Amino acid sequence: MIFEKVRDALASQFELDPATVTPETNLIDDLGADSLDVVELIMELEDEFGVTISDEAAAELYTVGRIVEYLEKLQ
């Protein structure tokens, strides 16, 4: 459930086929995200999941799998 929401958010933001997003997908290396892209994604995830993600935590969330693990801990 969390993975699917994260995947769909990334697919929408980067105009990707959701099927191409895996837990190993790296935001910077695979998707070419810049700092603004990451901030926008974090804001969208905060709204979607009703959480607050600190800047320190966000800096560690560079793969889809890490994002999902982090969000699972907050649930």
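**Exercise 1. Leu10**

Task: In this predicted model, state which helix holds Leu10, and decide whether Leu10 is buried or exposed.

Solution. Step 1: Leu10 has its place in helix α1. Step 2: The relative accessible area of Leu10 is 0%. Step 3: A residue counts as buried when this value is under 20%, so Leu10 is buried. Step 4: Setting aside residues up to four places away in sequence, Leu10 touches Glu15, Leu16, Val21, Leu27, Leu31, Leu41 and Val64. Step 5: For a C-alpha to C-alpha distance, take Leu10 and Leu45, which are 35 residues apart in sequence and 9.9 Å apart in space.

**Exercise 2. The nonpolar core**

Task: Find which residues of the largest nonpolar core touch the most other members, and say which helix supplies the largest share of this core.

Solution. Step 1: The largest nonpolar core has 24 residues. Step 2: Within this core, Val6, Leu10, Leu45, Ile53, Ile67 and Leu71 touch the most other members. Step 3: At least two core residues come from each of α1 (2-14), α2 (35-49), α3 (55-60) and α4 (64-74). Step 4: Helix α1 gives the largest share, six residues. Step 5: Ile67 serves as an example of the contacts; beyond four places in sequence, Ile67 touches Val6, Leu27, Leu41, Leu45 and Leu61.

**Exercise 3. Val68**

Task: Locate Val68 among the helices and list what Val68 contacts beyond its neighbours within four places in sequence.

Solution. Step 1: Val68 belongs to helix α4. Step 2: With a relative accessible area of 10%, Val68 falls in the buried class. Step 3: Apart from neighbours within four places, Val68 is in contact with Ile2, Phe3 and Val6. Step 4: Helix α1 covers residues 2-14, and these contacts therefore join α4 to α1. Step 5: Val68 and Pro23 lie 45 residues apart in sequence, with their C-alpha atoms 8.1 Å apart.

**Exercise 4. The loop between α1 and α2**

Task: Classify Asn26, Thr22 and Glu15 as buried, partly exposed or exposed.

Solution. Step 1: The loop between α1 and α2 holds Asn26, Thr22 and Glu15. Step 2: The relative accessibility of Asn26 is 14%, so Asn26 counts as buried. Step 3: Thr22, at 30%, counts as partly exposed. Step 4: Glu15, at 75%, counts as exposed. Step 5: Now add the contacts beyond four places in sequence. Asn26 is in contact with Leu31, Tyr62 and Thr63, while Thr22 touches Phe3 and Val64. Step 6: Thr22 and Phe49 are 27 residues apart in sequence, and their C-alpha atoms are 20 Å apart in space.

**Exercise 5. A backbone angle**

Task: Say what is notable about the phi of Glu15.

Solution. Step 1: Most residues other than glycine have a negative phi. Step 2: Glu15 is not a glycine, yet its phi is positive, at about 55°.

**Exercise 6. Tyr62**

Task: Work out which loop holds Tyr62 and which residues Tyr62 contacts beyond four places in sequence.

Solution. Step 1: Tyr62 is in the loop between α3 and α4. Step 2: At 32% relative accessibility, Tyr62 is classed as partly exposed. Step 3: Beyond its neighbours within four places, Tyr62 is in contact with Thr25, Asn26 and Leu27. Step 4: Tyr62 and Glu24 are separated by 38 residues in sequence and by 9.6 Å in space, C-alpha to C-alpha.

**Exercise 7. The whole chain**

Task: Describe the order of the elements and decide how the radius of gyration compares with the globule rule.

Solution. Step 1: The protein has four helices and zero strands, and from the N terminus on the order is α-α-α-α. Step 2: The radius of gyration is 11 Å, close to the 11 Å that the globule rule gives for 75 residues, so the protein is as compact as a globular protein of that length. Step 3: The C-alpha trace spans about 25 × 25 × 20 Å along its principal axes. Step 4: Of the 75 residues, 41% are buried. Step 5: Taking contacts between residues at least 6 apart in sequence, 51% join residues at least 24 apart. Step 6: The exposed area is about 4600 Å², and carbon and sulfur atoms supply 49% of it. Step 7: The count of charged side chains is 4 positive and 19 negative, and the centres of the two sets are 9 Å apart.

Methods
Residues numbered from 1 in each chain as written. Predicted model: local features only at pLDDT ≥ 70, side-chain atom pairs only at ≥ 80, totals over all residues. Heavy atoms only, no water. Rg over C-alpha atoms; globule rule 2.2 N^0.38 Å. Buried < 20%, exposed > 50% of the residue type's maximum accessible area, 1.4 Å probe, protein only. Contact = heavy atoms within 4.5 Å. Areas by Shrake-Rupley, 256 points an atom, 1.4 Å probe, with all protein chains shown as cover. Lys, Arg positive; Asp, Glu negative; His and termini not counted. Charge placed at Lys NZ, Arg CZ, Asp CG, Glu CD. Core = buried A, V, L, I, M, F, W, Y, C linked by side-chain atoms within 4.5 Å.
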